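Q: Please give me a close look at the strand pairing in this model, and then follow it outward to whatever surrounds it. I would like one connected account, with the cut-offs stated where a term first appears.

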Amino acid sequence: MLAALGLTLLLALMWSSTANALIPSYKHRHRYINPDYTYSYYETGKEDYIKNTLPNEWYSTWDADTLQAGAVIIRSGVYWRVNRSVLGSPWPNNNCYKGGSGSTLYYRTVPTSRGGQEQWLPNSSQSSTNSAIDATYGYHAELVSPSATPRPDNLVGLRYNPTIQNRTHNTTGDWLTRIRYAYLNQGDPYDPNHECSQIDDQTSTNPFYPNY
Amino acid sequence: MRRSRFLPVLVLLALLLLSAGIATVAGRQVTPFLDKQENEAFTLRAKTIGSTLSRNDLFDCSTYVPDTHPLLPIEQQIFHVVRDIKVTPDDGKDYLGAVWSPSGDAMVFVAPTGDHRDILNSDALPSDEDTQLVAISKNELVLYFPDRNTWKQITSDGARPTWSTDARSIYYMAGTDLMKFDISTQAATYTGLRAPNTGVGLLVSRPLSDGRLLAPRQPHAPLEVQGDEMPAWGPIEVAVSDYVLLSPQGDQIVVAYGANTWKGQFVPALTVIYHPNGEVTPLLKNCQASAIEMVWSPDRNRVAYPVRAQRSEIRIYDVRSGQTQVLVRLDTPDLLSGLSWSPDSRYLAFTLGDDRVTPRSIWLVSTDGTTRQRLMAGGLLPNWSPDGEHILYARPGTTRLLDWYLLELSPAIQIEGEQRK
C-alpha cells in the first residue's frame, strides 16, 4: 500500500495553474472552537488559511525547504476540501475532523489546547512561514496518472502527522524531494481504521469521490 | 470623428469599471456605506490602542527570550485522587466544556449542535475582509448534577451560561437575547435585554452574574453594561477580532485587541485590563495565545496566563501591585494550557503537552511557587470545582472531540489553618 502511495505521489506532485478552475474561486470554510465552548464558522482565503496554520503545525524555525514542503502539504488538503465542498460531495471534508452531524460542510480546526487536530489559529502567521507559503504559491498535489475510477478532478488531499512533519525536516533537498521522502520512508503514517485515513474513502460505496 | 476614435477606449474603460465593481461586491459582500460605519465605529478603539502602543515597556511575546534556567517547583503530592469517573453520556452530543455552579453541586455543559446562526451585520475590522466570521453555532445547554448523575436540557439554543451568585438561576444568551433559567421552576424567560445581530453582538456579548448584560446596544456601538449604571471603565469599543474576559465579579475586564485578528500586520495584538476606577493597564503585546488562555483568580486580584516560548512559562499578574511573577518555566517549548485556579487561589491546575511531541498530562502547582504535582497522565482542560474537592477534565473522545471526567480529590498535605476532613 505504501509503495503504491509513494509511486502515486511521485507521479502526482506537479503544479498546474489551469487545472480545475473551481479552485481559485472559493474560500475555505472551517469551524473554530471558541474559549466559551462554542463554534465560530469562518470563511477565509485559502492562502490566509495556510498562513495561520503552517506556523502552528511546522516549527517556524525550521529551514525554508521544510516549511515550503509543509506549505504544499497543507495547501493540498485545502484545495481538496474546497473543491469537495464546491462539488457537493457527501464527504466534503475528506471525512476528517468533520464534527457532528449536519456540519459536514465545515472543516473543524481546534487548538490542541482544546483537544484539536489541525491548528488554524487567528493572527498566528509568522514571517518565515509566510515566505515559504508565498514561495510555493499555487503548488499542490495532483494525480497525474489516469485514474481507473471516475473522479471530479485530480486533486490529492495530502495528510500529515508528526512523523511526516519530522521527515520533511530530517532530509535534504528541495521541498518536493522532502515531501517524497516523507511519504516514501519506512513506516505507514496512515491507519486504515481511522476516520482521517488516506484509504478510508475507498471503502465508500460512492465511486466518484475516492480520496486517492 | 473624435468620439468614434475614443469609443473603443471608453467601452473598454466601462467594462473594466463594471467588472471591478462586480468583483468588489462579489468578493467582499459588504457595501461602501457599511465600511464607513465600521471605520467610524472604531475611533475609541484606535485611541486606546494608540495610547497603549506608546508604552515601550510592554511584555512582547514575539521578541521574548526566556531565561535559560528552568523554574520548576519541587515535586510533591499535594492531592490524592479519590475517584475518577466518566460523566458525559455516549449520546452523540459534542460536549465542549462546562461552567460550575457557585455552590459546586451542578454544572452547565455547552454542546454545539449542527445548526448555526448567521451573522447578519458584520463588524469586522476593515483589514479582515479576507477572513469572515459568517456564523456561530447553536448550542445545547445541559444541566448536570454530579451527586444524582442526572441531566436536564436547559435549551437547544444557548451560549455563555452564567450562574447567578445565589446559584438559583442561569443567565445565557439565546442568539441576541439574554435569557434567565430558573432552577426551581425549570423555566426560561426573556429578560428584556438584547444584543445586536452582529459579530460582536453574538460572539462577545455575555451575561453578568447579577442579570445585567455586557453588549453593544446597537450595531457598531461600543460594549456597555445594560440593565444598570455604567461601570467606571465606561464604554469599550471592540471589533469581532478582539477577545474579552470579564473578572468573576464583572467589575474588571481584560480586552485582548487583535487576539482574533487574522492579519497581524493591521494592528499588533495588545492586551489591556480595564479597572473599576476607570484606569486602563497595558499588559501584553503580540501574546494572542496567552490572552486567549488567560484566567482570573477567584479573588479577582490576579490573572494567570501561559507564554509559549523556547522555554514555556506560566505567569501571574497581580492587578493590585502591578507585578508579574513567573510561576513555572519549563526547559522545553511544550504547550502549557487550560489553566484553572483552585477556589482558594492557592493552586493552579494546567495541561502540559498536546499529545504531539509530549503526551498530555494534568499538573497542579502552588501559586506561591513552592510545590507542584503531576496529577494524572493524559487529560486536558482541568476545571476546578467551587468546593475545591473536584476537578472536571476532558480526554480526547473516540467518537467525538472530548469525553469529560470528574476527579474527586483529597488533600495529601495538611494545609496550615485547615483541618483534614
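**Strand pairing and its surroundings**

A: In chain B, strand β13 (residues 213–216) runs antiparallel to β12(B), and two bridges join them; strands here are DSSP runs of E with at least two residues, helices are runs of H or I with at least four, both numbered from the N terminus, and two strands pair if DSSP finds at least two bridges between them. B:Pro207 has B:Leu213 as its bridge partner in β13(B). This is a predicted model in which local features need pLDDT of at least 70 and side-chain atom pairs count only at pLDDT 80 or more, whereas totals for chains, interfaces and linings use all residues. Residues are numbered from 1 along each chain as its sequence is written, while chains are lettered from A and ligands numbered from 1 in the order in which they are written.

The pair belongs to an open, antiparallel sheet of three strands in chain B, ordered β12-β13-β14. Because β12 (206–207) and β14 (223–226) of chain B each have a single partner strand, they stand at the edges, and one side of each is left without a neighbour in the sheet.

Earlier in chain B, strand β9 (residues 169–174) has five of its six residues buried, so it is largely enclosed by the rest of the structure; a residue is buried if 20 or more other C-beta atoms, placed from the backbone, lie within 10 Å of its own, exposed if 12 or fewer do, and partly exposed in between. β9(B) is joined by three bridges to β8(B), which runs antiparallel to it, and B:Trp163 finds its bridge partner in B:Ile170. Five residues lie between β8(B) and β9(B) in the hairpin that they form, and in its turn B:Ala167 has a positive phi of about 65 degrees. β9(B) is also joined by six bridges, again antiparallel, to strand β10 (residues 177–182) of chain B, where B:Asp182 is the bridge partner of B:Ser169. The hairpin of β9(B) and β10(B) has two residues between the strands, and B:Gly175 takes a positive phi near 65 degrees.

β8 (159–163) leads on to the other chain, since it is listed with β5 (107–118), β6 (131–145), α5 (288–292), β23 (336–341), β27 (380–384) and β28 (390–396) of chain B, each supplying at least two residues of the side that touches chain A. That contact takes 44 residues from chain B and 30 residues from chain A, two residues being in contact if their C-beta atoms, placed from the backbone, lie within 7 Å. β6(B) gives the most to this side of chain B, with eight residues. The residues on this side of chain B comprise 22 nonpolar, 15 polar and seven charged, where Ala, Val, Leu, Ile, Met, Phe, Trp, Tyr, Cys and Pro count as nonpolar, Asp, Glu, Lys and Arg as charged, and the others, Gly among them, as polar.

Strand pairing also crosses between the chains: strand β2 (residues 39–44) of chain A runs antiparallel to β6(B), with five bridges joining them, and A:Ser40 has B:Ile136 as its bridge partner. Chain A has seven helices and three strands, and 49% of its 212 residues are buried.
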